[in-house]
Amino acid sequence: MRIKRIQVLHWLMAIIFIAAWIIGFYSGNFLSYEADGSFKGDVIKLHKNIATTLIFLIVIRIFWRYTHPVPKLPDTMSPLMQKLAHLGHLALYFMLLALPITGCLFSWSAGHPAPVLYLFEIPRMVQANPELLAIVKPLHIYLSWAAGLLLIGHVLAALKHHFIDRDHVLKSMISSDK
Ligand code: HEM
């Protein structure tokens with residue numbers, strides 16, 4: 001079985017996205033500085049160090065999208081379902097850009113860095129700014145919830161293709177065989 005580069009990119013981004021989501025959710029909803037002290041700081045750091053990588057990966061993904069033919073959706077899908085699938089994918093691309101961007105703005109405006117894989121930091125584009133923080137913090141949190149729902153929809157759609165419609169859509173993201 002030959003694995004295509006786009007499949008590696010897809011599953012790598014999926015793993016990072018889900019890990020970032022779970023860690024962010026855990027820190028935001030189950031940890032507090034009062035009760036957990038520096039452990040909360042370490043968990044947020046882990047969230048950021050993982051999630052910032054998506055900025056680089058989504059740029060590669062968008063470049064790939066415009067330099068390679070788009071896989072055809074099955075003819076058995078109605079034009080409406082094809083349109084919905086297309087809109088869903090656009091929304092996912094949007095989220096994969098908007099979440100890391102609002103996350104970085106959230107960190108910077110709170111006076112913290114945006115580190116990548118514990119190796120380097122993304123250069124600060126804004127200084128500590130409470131007014132901006134009051135906007136980007138809730139924005140990041142609401143977007144993360146919307147993205148979580150979108151991801152669940154994406155997974156359910158993939159499972160429907162595989163188990164109900166029995167077409168090649170999920171298989172095409174797992175193996176190179178149709
Ligand atoms: C696709 C990427 C990302 C996803 C899926 C994501 C997801 C989340 C989620 C689910 C939360 C918890 C929301 C809640 O309180 O209910 C959160 C919080 C947070 N995120 Fe992100 N995030 C991403 C990228 C980033 C980036 C790149 C940064 C900064 C460099 C960042 C910084 C933060 C911070 C500081 C919090 C608050 C944590 C806390 O209050 O304990 N996020 N994120």
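## A turn residue at Tyr118

Tyr118 sits in the loop between strand E1 (115-116) and strand E2 (120-121). This is a predicted model. The phi of Tyr118 is positive, about 55°, although Tyr118 is not a glycine. Is Tyr118 buried or exposed? Tyr118 is exposed, because its relative accessible area of 53% passes the cut-off of over 50%.

A second residue has a positive phi. Arg166, also not a glycine, has a phi of about 50°. Arg166 lies in the segment after H6. With a relative accessible area of 67%, Arg166 is exposed.

## Overall layout

The chain has 6 helices and 2 strands. From the N terminus on, the order of elements is α-α-α-α-α-β-β-α. Strands E1 and E2 thus come up as the β-β step of that order.

The C-alpha trace spans about 55 × 30 × 30 Å along its principal axes. The chain counts 178 residues, and 31% of them are buried. Take the contacts between residues at least 6 apart in sequence: 65% of these join residues at least 24 apart.

## The iron site

Which protein atoms are donors of the iron atom of the ligand? They are NE2 of His47 and NE2 of His140, lying 2.1 Å from the iron atom. This pair links distant parts of the chain. His47 belongs to helix H3 (residues 38-51), His140 belongs to helix H6, and 93 residues separate them. Both histidines, His47 and His140, are buried.

The iron atom has 6 donor atoms, and its site is octahedral. The angles among these donors run from 87 to 178°. For reference, ideal angles for six octahedral donors are 90 or 180 degrees.

## Around the ligand

The ligand is surrounded by 25 residues. The closest are Ser27, Asn29, Lys40, His47 and His140. His47 and His140 are the residues that supply the protein donors of the iron atom.

Polar side chains also approach oxygen atoms of the ligand. For Ser27, a polar side-chain atom lies 2.5 Å from a ligand oxygen. For Asn29, an N or O atom of the side chain is 3.0 Å from a ligand oxygen. For Trp145, the corresponding distance from a side-chain N or O atom to a ligand oxygen is 3.2 Å.

## Nonpolar cores

In soluble globular proteins, nonpolar side chains tend to be buried together. Here the largest nonpolar core has 19 residues. Met13, Phe17, Leu54 and Leu96 have the most contacts inside this core. At least two residues of the core come from each of helix H1 (5-30), H3, helix H4 (53-67), helix H5 (79-109) and H6. H1 gives the largest share, 6 residues.

Leu96 shows how such contacts run. Leaving aside neighbours within four places in sequence, Leu96 is in contact with Met13, Phe17, Leu54 and Ile58. Apart from the largest core lies another, of 5 residues. Its members include Cys104, Trp108, Val116 and Ile122.

## Three buried positions in helices

Ile16 is found in helix H1. Ile16 counts as buried because its relative accessibility, 14%, is under 20%. Not counting residues up to four places away in sequence, Ile16 touches Ile50, Thr53, Leu54 and Leu57. How far apart in space are Ile16 and Ile6, C-alpha to C-alpha? They are 15 Å apart, with their positions 10 residues apart in sequence numbering.

Gly103 is found in helix H5. At 17% relative accessibility, Gly103 is buried. Gly103 and Thr52 stand 51 residues apart in sequence, yet their C-alpha atoms are 8.4 Å apart.

His161 has its place in helix H6 (residues 130-165). His161 is buried, with a relative accessible area of 11%. Beyond residues up to four places away in sequence, His161 touches Met77, Arg166, Asp167 and Val169. Among these contacts is Arg166, which is itself exposed.

Conventions. Residues numbered from 1 in each chain as written. Predicted model: local features only at pLDDT ≥ 70, side-chain atom pairs only at ≥ 80, totals over all residues. Heavy atoms only, no water. Helix = DSSP H or I, 4+ residues; strand = E, 2+ residues; numbered from the N terminus. Buried < 20%, exposed > 50% of the residue type's maximum accessible area, 1.4 Å probe, protein only. Contact = heavy atoms within 4.5 Å. Donors = N, O, S within 2.8 Å, 3.2 Å for Na, K, Ca; no water. Tetrahedral: all angles 85-135°; square planar, octahedral: opposite > 155°, others 65-115°. Near = heavy atom within 4 Å. Polar contact = N/O pair within 3.5 Å; in protein donor to acceptor, adjacent residues only side chain to side chain. Core = buried A, V, L, I, M, F, W, Y, C linked by side-chain atoms within 4.5 Å.
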